[in-house]
Amino acid sequence: MNSLNIDQKCIDLFKNFILQHEFFFVIGHKEPDGDCIASCLGIAAILDAFKKEYQLLSAGPFKRNEIKKFESNFSQSMKFMDDSERKKAGLIITDCSESHRLGDIDGDFSDLDTFIIDHHKTSLESVVNGYVNPQAPACAYIVQLFYENLIGKIPADVAKILFLGLSTDTGYFRFLTSNSADVFVAASRLVSYGVEPRLIYNEINNGKPFSTRKLLGVLLQKAERYLDGRLVITYESLEDTKRYGIEGRDSDALYQLLLSSEGVEAAVFLRQDTPSTCSGGFRSQDKIDVSVVASKFGGGGHKNASGMCTDGKIETLIPAIVKEFARLM
């Protein structure tokens, strides 16, 4: 069986987890992207089919245009439960496995029975109960397989959401390889359920605030090359964020522009979120495993796409990041 398919043992494991609980909290990582939100909503659809109650949680913020319309489905505060109710509740974490990446949620997850569904390479060592497949290109793809195996044909509205998640994490299929035939077959099934790929593409790429176009220019102006031009790093200051806002970010376009430069093998984008904390995104061409670097700063992800949030300032993080990349290049 192809490694992108889910074997019956894992399907039964998830089914039994659902049947063993009466209520579920469903959550993904902070600063959610399309795949994270689509995966949460796809799991919610599975729970609906099992007639289970649940609450969708997210620390936000919902900065991307394509997910803004789903923000009202999520809460930052857990529903209150007494001890007897909590014993019957389960926690499903998707597109993430590290608790610190869930962000600030008003509530306590510590004693909840937990099931994790993820596709990040750095999650393999930390997951006790769940399903993690780093070969899957998107968590929404895994959720699609769970839905089809547990329930069957996916309703058109859910299929559109899952296609959105698959599209955003694959760069609208640009990042897939010759080993991805099953992914295209799965995408074709979503289309057969009622998805219009053209409309999903427009949702992802159109309607960006004009300020984000200006910000792209600023970030390109700040970009510097390191390690004989193989690494490019750019950054966003607190002043940049104040001037251009946080809505409708287009980091995908930024990474495309940086990585398309001759000789560039990896690109890093850093943002000073607060005076003492930073977040960062790492992207690379085929051979550089940026998850190795991201993990050094408390982050993780895929070989060619990872992220992190850490204490520090941009001016001290840049040399530290260059040092870690120098070990790989």
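## Two sheets, their helices and a pocket

Helix α1 (residues 8-19) lies across β1, β3 (89-94), β4 (113-118) and β5, and runs at about 140° to β4. Here and below, helices (H or I, at least four residues) and strands (E, at least two) are DSSP runs numbered from the N terminus. Angles run from 0 to 180 degrees between N-to-C directions, with axes as lines fitted to C-alpha atoms, for helices over the stretch in contact. Contact means heavy atoms within 4.5 Å.

A word on the model before going further. It is a predicted model, in which local features need pLDDT of at least 70 and side-chain atom pairs count only at pLDDT 80 or more, while totals for chains, interfaces and linings use all residues. Residues are numbered from 1 along each chain as its sequence is written, and side-chain values use heavy atoms, with hydrogens and water left out.

Back to the strands under α1. They belong to an open sheet of 5 strands in the order β2-β1-β3-β4-β5, with parallel pairing; two strands pair if DSSP finds at least two bridges between them. β2 (53-57) and β5 (130-132) stand at the edges with a single partner strand each, so one side of each has no neighbour in the sheet. From one strand to the next, the twist averages 20°. Strand β1 (residues 23-27) pairs with β2 in the parallel sense over 5 bridges, and Phe 24 stands opposite Tyr 54 in β2.

The other sheet is also open, with 6 strands in the order β6-β7-β8-β9-β11-β10 and mixed pairing. Its edge strands, β6 (224-226) and β10 (300-301), each pair on one side only. β10 and β11 run antiparallel and are joined by 2 bridges; Gly 301 has Ser 306 in β11 as its bridge partner.

Here are the helices that lie on the two sheets:

| Helix | Strands touched or crossed | Angle |
|---|---|---|
| α1 (residues 8-19) | β1, β3, β4, β5 | about 140° to β4 |
| α4 (residues 139-150) | β3, β4, β5 | about 115° with β4 |
| α8 (residues 210-222) | β6, β7, β8 | about 130° with β7 |
| α10 (residues 251-259) | β7, β8, β9 | about 140° to β8 |

Two further helices pack against each other. The axes of α5 (residues 156-169) and α6 (residues 181-192) come within 9 Å and cross at roughly 150°. Ala 159, Leu 162, Phe 163 and Leu 166 in α5 meet Val 183, Ala 187, Leu 190 and Val 191 in α6. The residues of this contact divide into 8 nonpolar, no polar and no charged. Ala, Val, Leu, Ile, Met, Phe, Trp, Tyr, Cys and Pro count as nonpolar, Asp, Glu, Lys and Arg as charged, and the others, Gly among them, as polar.

Finally, take a look at the second largest pocket, with a volume of about 210 Å³. On a 1 Å grid over the protein atoms alone, a pocket is an open set of points where a 1.4 Å probe fits, with protein on both sides within 12 Å along at least five of seven lines, and lining residues have an atom within 4 Å of a point. The volume is the space filled by probe spheres set on the points, which are joined across faces, edges and corners. Of its 13 lining residues, Lys 30, Glu 31, Gly 60, Pro 61 and Asp 104 lie nearest the centre. β11 gives the most to the lining, with 3 residues. The lining divides into 4 nonpolar, 4 polar and 5 charged residues.

Some of these residues have backbone features to check. Gly 60 and Pro 61 are joined by a cis peptide bond, with omega about -10°, and Pro 61 sits in the loop between β2 and α3 (83-87). Glu 31, in the loop between β1 and α2 (34-49), has a positive phi near 50° although it is not glycine.
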